[in-house]
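Please open the structure in a viewer with the sequence panel visible. The tour below proceeds selection by selection.

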Amino acid sequence: MWMVDKHGFNMINNLIVRYILQEELDDVMLEKIIALKQQHWNYTRDSHKQWIDENLYKNEFHLCVELSTGQIIAYLNVVNLEVFCNEKQTEFLGVGNVCVDKMFSGKGLGLLLIQIVDFFIRQIGKPAVLLCRKNLSEFYNKAGWHEFYGKTFLLGRLYSGGVFLNYNSDAAVFHIQRNF
Ligand SMILES: CC(C)(COP(=O)(O)OP(=O)(O)OC[C@H]1O[C@@H](n2cnc3c(N)ncnc32)[C@H](O)[C@@H]1OP(=O)(O)O)[C@@H](O)C(=O)NCCC(=O)NCCS
């Protein structure tokens, strides 16, 4: 798993990418995902579990990047969304809960994770959207996503965070009717 390069730094030389359907997620993986999410979102284990149970449907995906030890060091989920875009209903993918283990931050893993999900999205061939904190705009710009400058309503309320798309859109309004 670890190698030391010629400068004496630890290098990751083995990564495993796994897409897991929500309906196939076992308890071991669930607990690992929750442990990683808890590094970034300060909720109890039960609250994270409840969120996953309530907000991810059985045919939606967890994307896990693991070391060969099985430790998950980067994670996100992908859901199916109906987005009302300029009053027209369109099928989208929604990317959420993007996170990297704090021990591994700043090494390019976040960008790699987005590249991996870009490949997945490209195969499915749908537009994709993600919602994030405003201060992450630079990260998603670097990842090649496009900031959406129209208004986004999430569950009927104007969303005040950053909205990014995997394509450039000049639409005025998005309505998204679920969390992800
Ligand atoms: C955001 C996050 C996924 C980035 O992962 P990471 O592996 O540390 O990021 P990378 O090393 O791939 O960073 C790539 C580039 O983005 C920049 N970047 C990363 N996080 C950034 C941030 N919060 N603000 C501005 N730029 C950022 C890096 O400086 C780097 O730029 P460079 O290539 O010019 O040096 C990670 O910090 C994280 O898990 N954050 C907490 C969870 C979160 O808020 N997720 C978003 C929910 S949608």
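Two strands are taken to pair if DSSP finds at least two bridges between them. The model on display is predicted, and the tour starts with a hairpin to which that criterion applies.

**The hairpin of β5 and β6**

Select β5 (72–85) and β6 (88–100). These strands pair in the antiparallel sense, over eleven bridges. One bridge to display is that of V83, whose partner in β6 is T90. Two residues lie between the strands of this hairpin, and N86 there takes a positive phi near 50 degrees.

Stay on β6 and select N97, which lies in this strand. Its phi is near 60 degrees, again a positive value in a residue other than glycine. Is N97 buried or exposed? It has 22 C-beta neighbours inside 10 Å and therefore counts as buried, the threshold being 20 or more.

**From β6 to β7**

Add β7 (128–132) to the selection. β6 and β7 pair in the parallel sense, with three bridges. In this pairing V95 stands opposite L130 of β7. Next, display the surroundings of V95: leaving aside neighbours within four places in sequence, V95 is in contact with L76, V78, V117, A128 and L130.

**The nonpolar core**

V95 also leads to the next selection. The largest nonpolar core has 36 residues, of which Y75, L76, V95 and L113 touch the most other members. Two or more residues of this core come from each of α1 (27–40), β4 (61–67), β5, β6, α3, β7, β11 (162–165) and β12 (173–176). Which element gives the most to this core? It is β5, with nine residues. In soluble globular proteins, nonpolar side chains tend to be buried together.

**β12 and its partners**

Now select β12. The side chains along this strand alternate: F174 and I176 point to one face and are buried, whereas V173 and H175 point to the other face and are not. β12 runs antiparallel to β5, and three bridges join them. V83, already seen in the hairpin, stands opposite I176 in β12.

Add β9 (residues 151–154), which pairs with β12 in the parallel sense over four bridges. Here the bridge partner of K151 is V173 in β12.

**L154 and L155**

Within β9, pick L154. With 18 C-beta neighbours inside 10 Å, this residue counts as partly exposed. Not counting residues up to four places away in sequence, L154 touches L131, Y159 and I176. For a distance across the model, label L154 and F92: they are 62 residues apart along the chain, and their C-alpha atoms are separated by 14 Å.

Move on to L155, in the loop between β9 and β10 (157–158). Although L155 is not a glycine, it has a positive phi of about 50 degrees. L155 is exposed, because 10 other C-beta atoms lie within 10 Å and a residue with 12 or fewer falls in that class.

**The ligand shell**

Centre the view on the ligand. Which of the 19 residues around the ligand come nearest? They are C99, S105, G110, L111 and C132. The elements that give two or more residues to this shell are β6, α3 (109–124), β7 and α4 (137–142). By class, the shell has nine nonpolar, six polar and four charged residues.

Then select G106, in the loop between β6 and α3. This glycine has 8 C-beta neighbours inside 10 Å and so counts as exposed. G106 and H62 are 44 residues apart along the chain, with 22 Å between their C-alpha atoms.

**The whole chain**

Finally, zoom out to the protein chain, whose secondary structure comes to four helices and twelve strands. Its radius of gyration is 17 Å, close to the 16 Å that the globule rule gives for 180 residues, so the chain is as compact as a globular protein of that length. The C-alpha trace spans about 55 × 35 × 30 Å along its principal axes. Buried residues make up 26% of the 180 residues. Of the contacts with a separation of 6 or more, 59% are between residues 24 or more positions apart.

How values were computed:
Residues numbered from 1 in each chain as written. Predicted model: local features only at pLDDT ≥ 70, side-chain atom pairs only at ≥ 80, totals over all residues. Near = placed C-beta within 6 Å. Nonpolar A, V, L, I, M, F, W, Y, C, P; charged D, E, K, R; others polar. Core = buried A, V, L, I, M, F, W, Y, C linked by C-beta atoms within 7 Å. Contact = placed C-beta atoms within 7 Å. Rg over C-alpha atoms; globule rule 2.2 N^0.38 Å.
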